[in-house]
2 protein chains.
Amino acid sequence: MAETGTPAKDQTGREPKTARGEATRRAILGAAEKVIGRQGFNEASIGSITREAGVAQGTFYIYFSSKDEVFSELVAEMGRMLRHVISEATGGMADRLEAEREGLRAFLTFVASHPELYRIVQEAQFVDPDAYRAYFRTFAEGYRQGLAEAAEAGAIRPGDADVRAWALMGIARALGEYSVVFGDTTPIDEVVDIAHDLIVDGLRKRS
Amino acid sequence: MAETGTPAKDQTGREPKTARGEATRRAILGAAEKVIGRQGFNEASIGSITREAGVAQGTFYIYFSSKDEVFSELVAEMGRMLRHVISEATGGMADRLEAEREGLRAFLTFVASHPELYRIVQEAQFVDPDAYRAYFRTFAEGYRQGLAEAAEAGAIRPGDADVRAWALMGIARALGEYSVVFGDTTPIDEVVDIAHDLIVDGLRKRS
DNA sequence: GAAAAACATGAATAGTGATTCATAATTCAT
DNA sequence: ATGAATTATGAATCACTATTCATGTTTTTC
């Protein structure tokens with residue numbers, strides 16, 4: 001009966017039923033994150049993943065039904081971790097503009113310490129478009145709501161929450177990429193302050 | 001601009017020396033844009049590209065030395081076209097903030113009419129990281145300069161031009177993706193106005 | 001108008017790597 | 001302890017596709 005916890009997908013690689021199996025599955029997932037994050041989806045062979053995990057090639061298929069499946073799982077994991085980290089950071093904040101700042105800081109901090117996961121999400125656009133869109137839609141929807149409520153409450157200027165949500169996500173993403181992909185070394189706190197200043201007050205000079 | 005015409009790279013597929021060859025090369029490049037843009041780099045086989053172009057498989061290698069090479073060429077082409085379109089749109093503008101608006105509009109318009117090229121640039125991050133970084137660095141540098149000069153001249157509030165350039169590129173990119181990848185149908189002009197309002201005046205409510 | 005140069009063909013090659021499977025080892029339940 | 005379930009192995013399979021090449025066609029050159 002029970003059978004909760006089962007993602008209800010297809011006949012995917014079955015869940016381990018032993019501590020030993022659980023450990024092996026984790027090892028493979030961790031190795032996949034490392035190897036795919038480093039070499040990209042196509043360069044990362046099942047062989048290189050299992051080698052990194054220290055198991056035989058066939059073992060992979062005990063826990064995952066395909067190369068794509070392990071990838072999707074990583075994308076979903078990234079989404080969960082990120083949402084957790086951000087909501088943790090902005091949880092009790094009353095001031096929307098401050099929440100904006102702290103959310104950005106949490107995002108950039110997380111990304112800096114998980115560059116592999118970051119690359120994986122980017123690549124998901126091509127490897128697993130559904131997972132990619134789900135990832136962004138989930139974020140965008142939460143963001144949109146927050147902005148809409150803040151505008152409603154008069155905490156920020158009114159304006160289309162949808163487009164704003166995408167624009168602000170775009171800033172976060174670009175700055176994450178700036179450091180991860182382009183290797184910029186400006187300290188996160190500085191980047192956050194500069195970007196937050198732009199987000200809050202815009203470019204226009206005031207008299 | 002000028003340029004010699006010979007990219008000076010390695011022993012790449014040679015340039016055509018005949019009108020006929022020129023036409024074939026163009027056909028292949030166009031087919032590659034269509035097929036790779038639609039199916040992604042890895043799904044797009046040389047066979048599918050040459051079929052689309054209406055030539056034999058071997059013909060591909062008369063003009064390109066590898067699958068990667070045709071890809072790089074497309075990325076470079078996208079960069080050139082985009083820079084041209086944007087500088088065309090913002091060329092004589094005195095007001096920096098207006099230039100910002102028109103640049104964004106030009107970008108979104110271009111992207112909407114060339115969704116394949118857009119996807120290709122995104123994918124370049126994994127297929128040809130050097131081309132990808134070159135593409136963004138070139139944009140970022142131009143943007144940075146524009147912002148720095150505007151700040152210098154007192155046309156906008158002072159602030160780190162580098163981070164701002166990346167943030168603003170991020171907005172453009174996210175909004176482009178919003179329409180191309182996520183199929184949003186909000187008219188470009190509306191999106192531009194909302195985003196420009198945010199860029200210029202920020203989120204903060206003023207008394 | 002003939003040899004040369006350029007272009008085109010598509011079947012063959014050749015390397016790759018995801019997935020399967022027969023077999024073996026380990027762990028669990030009783 | 002012992003049969004059943006679970007987990008692990010890694011060599012073999014199998015499909016796929018980038019690239020090459022020997023040959024044929026078209027265009028240019030003189």
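## Two matching chains

Turn chain B by 180°, shift it 0.0 Å along the axis, and it lands on chain A with an RMSD of 0.1 Å (a least-squares fit on the C-alpha atoms of residues with pLDDT of at least 70 in both copies). That is the relation of a two-fold axis. The copies meet through the same surface, because 100% of the interface residues of chain B are also interface residues in chain A.

This is a predicted model, where local features need pLDDT of at least 70, side-chain atom pairs count only at 80 or more, and totals for chains, interfaces and linings use all residues. Residues are numbered from 1 along each chain as its sequence is written, chains are lettered from A and ligands numbered from 1 in the order written, and side-chain values use heavy atoms, without hydrogens and water.

## Around DNA strand D

DNA strand D has 23 residues around it, with A:K17, A:T24, A:A56, A:Y63 and B:I46 the closest ("near" is a heavy atom within 4 Å). Of the strand D atoms within 4 Å of the protein, 73% belong to sugar and phosphate.

What does the backbone of A:K17 meet? One of its N or O atoms sits 2.7 Å from a phosphate oxygen of DNA strand D. For A:T18, a polar backbone atom is 3.2 Å from a phosphate oxygen of that strand. A:G58 instead has a polar backbone atom 3.1 Å from a base nitrogen.

## Inside the protein

A:I36 is in contact (heavy atoms within 4.5 Å) with residues including A:F41, A:V70 and A:R119, leaving aside neighbours within four places in sequence.

How values were computed: A polar contact is a pair of N or O atoms within 3.5 Å; within protein, one must be able to donate a hydrogen and the other to accept it, and residues adjacent in sequence count only if both atoms are side-chain atoms.
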